Amino acid sequence: MISIGIFSLSCCEGCSVQFLNLEGKLLEVLKYYNIENFRLAKELNSLPVDIAFVEGTPTTAEEVKKLLKIRRDSNVLVALGTCAATGGVPGLVNTMSKREAMKVYDSNPPYMPVDPKPIDYYVPVEHKLYGCPFSKDELMELITAVIMNKSFKNRESSVCVECALRENACLLDKGELCMGPVTRAGCRALCPSNGAPCRGCRGPYEDANYKAHIRTLMDMGITREEIIEAYSMFSYEPLKEVIAWLKEQ
Ligand code: SF4
Ligand code: SF4
Ligand code: SF4
């Protein structure tokens with residue numbers, strides 16, 4: 001039986017909760033997988049494991065050490081959710097001045113602070129599950145791929161593609177700041193399908209045309225500051241060069 005562990009670094013632990021939300025599907029998973037380590041669900045936890053799912057990102061030297069140990073004691077490491085995959089919301093602290101950031105870190109005095117980064121900044125990562133929280137369907141795809149010894153691939157298109165497939169009216173036409181054109185597909189355009197603009201929680205995808213998106217938003221009358229805020233929300237780390245360029249416009 002394949003052993004798995006779900007581990008948390010700095011984050012809201014929403015991705016751990018999402019694992020519990022698998023409910024019936026979790027029982028299916030347990031036919032093939034043995035959960036060796038899951039702080040939210042078990043009292044006794046152990047390493048090594050075959051597959052380590054890591055949510056969050058290190059914000060202290062202690063957490064960097066924890067991540068290195070998980071890597072050493074696992075065969076496959078999966079970045080679980082956008083915090084782990086791109087630095088996500090914790091990466092917002094990198095938009096602050098050092099002085100502001102130190103005020104945040106000062107609430108945690110025994111630890112040596114480190115800037116939030118995607119976990120593959122520290123260790124090799126075999127797979128990334130994007131989303132805040134990750135998509136349950138994509139987790140099942142990944143788990144099935146491992147059982148069947150097949151490869152798992154992230155979507156390489158934008159949320160707009162899935163939005164068009166669902167025949168949604170485009171929210172840009174209503175003047176709303178939608179991040180769909182530069183955000184990785186895989187959520188079946190969850191937010192626009194429910195009348196809300198995409199906030200970019202799955203992070204950018206490979207071929208995103210940022211300049212075209214930014215130009216469209218500016219032509220709509222959306223301010224540079226609003227666009228910078230939207231680009232920084234989940235993706236400050238991967239988009240910091242685009243954000244720096246935007247600040248110069
Ligand atoms: S990706 Fe979102 S839900 Fe998951 S741990 Fe980070 S903030 Fe929480
Ligand atoms: S609503 Fe957003 S995600 Fe949907 S097509 Fe328009 S820009 Fe793309
Ligand atoms: S539509 Fe955008 S914000 Fe909503 S779940 Fe999908 S990627 Fe995340």
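Glu36 is partly exposed in this predicted model, since its relative accessible area comes to 22%. That puts Glu36 just past the burial cut-off, because buried means under 20%. The residue sits in strand β2, and its side chain has two polar partners: the side chain of Asn34 at 2.8 Å and the side chain of Ser46 at 3.0 Å. Setting aside residues up to four places away in sequence, Glu36 touches Ser3, Ile4, Lys42, Leu44, Asn45, Ser46 and Val49. Ala79 is another matter: 43 residues along the chain from Glu36, with 18 Å between the two C-alpha atoms.

**The sheet around it**

So where does β2 sit in the sheet? It is an edge strand, running over 33-38, and the other edge is β5 (127-129); each of these pairs on one side only. The whole thing is an open sheet of 5 strands in the order β2-β1-β3-β4-β5, and the pairing is parallel. From one strand to the next, the twist averages 25°.

Take a look at the pairing of β2 with β1, which covers residues 2-8: the two run in the parallel sense over 5 bridges. Within that pair, Ser3 stands opposite Asn34 of β2. Asn34 is also the residue whose side chain meets that of Glu36, and Ser3 is itself among the residues that Glu36 touches.

Two helices pack on the sheet. Helix α3 (residues 61-72) touches β1, β3 (49-55) and β4 (74-80), and its direction makes about 130° with that of β4. Helix α6 (residues 136-147) touches β1, β2, β3, β4 and β5, with an angle of about 155° between its direction and that of β5.

**Two buried residues**

Leu67 belongs to helix α3. Is it buried or exposed? Buried, because its relative accessibility is 0%. Not counting neighbours within four places in sequence, Leu67 is in contact with Leu9, Val54, Pro58, Ile119, Tyr122 and Val123. Tyr122 is 55 residues away along the chain, yet the C-alpha atoms of Leu67 and Tyr122 are separated by 8.1 Å.

Asn154 is found in the loop between α6 and α7 (159-165). It counts as buried because its relative accessibility is 19%. What does its side chain meet? A polar atom of that side chain lies 2.9 Å from the backbone oxygen of Lys128. Lys128 falls in edge strand β5 (127-129). Neighbours within four places aside, Asn154 is in contact with Lys128, Tyr130, Glu138 and Arg184.

**The two ligand sites**

Ligand 1 is surrounded by Cys11, Cys12, Gly14, Cys15, Glu55, Gly81, Thr82, Cys83, Gly131, Cys132 and Pro133. Helices α1 (14-20) and α4 (82-86) each supply at least two residues of that shell. Around ligand 2 you'll find Val159, Cys160, Cys163, Cys170, Leu171, Leu172, Cys178, Gly180, Pro181 and Pro192.

Here is how the two shells divide up by residue character.

| Shell | Nonpolar | Polar | Charged |
|---|---|---|---|
| Ligand 1 | 6 residues | 4 residues | 1 residue |
| Ligand 2 | 9 residues | 1 residue | no residues |

Which shell has no charged residues? That would be the one around ligand 2, whereas the shell around ligand 1 has 1 charged residue.

Notes
Residues numbered from 1 in each chain as written. Chains lettered and ligands numbered in written order. Predicted model: local features only at pLDDT ≥ 70, side-chain atom pairs only at ≥ 80, totals over all residues. Heavy atoms only, no water. Pairing = 2+ DSSP bridges. Helix = DSSP H or I, 4+ residues; strand = E, 2+ residues; numbered from the N terminus. Axes fitted to C-alpha atoms, helices over the stretch in contact; angles between N-to-C directions. Contact = heavy atoms within 4.5 Å. Near = heavy atom within 4 Å. Nonpolar A, V, L, I, M, F, W, Y, C, P; charged D, E, K, R; others polar. Buried < 20%, exposed > 50% of the residue type's maximum accessible area, 1.4 Å probe, protein only. Polar contact = N/O pair within 3.5 Å; in protein donor to acceptor, adjacent residues only side chain to side chain.
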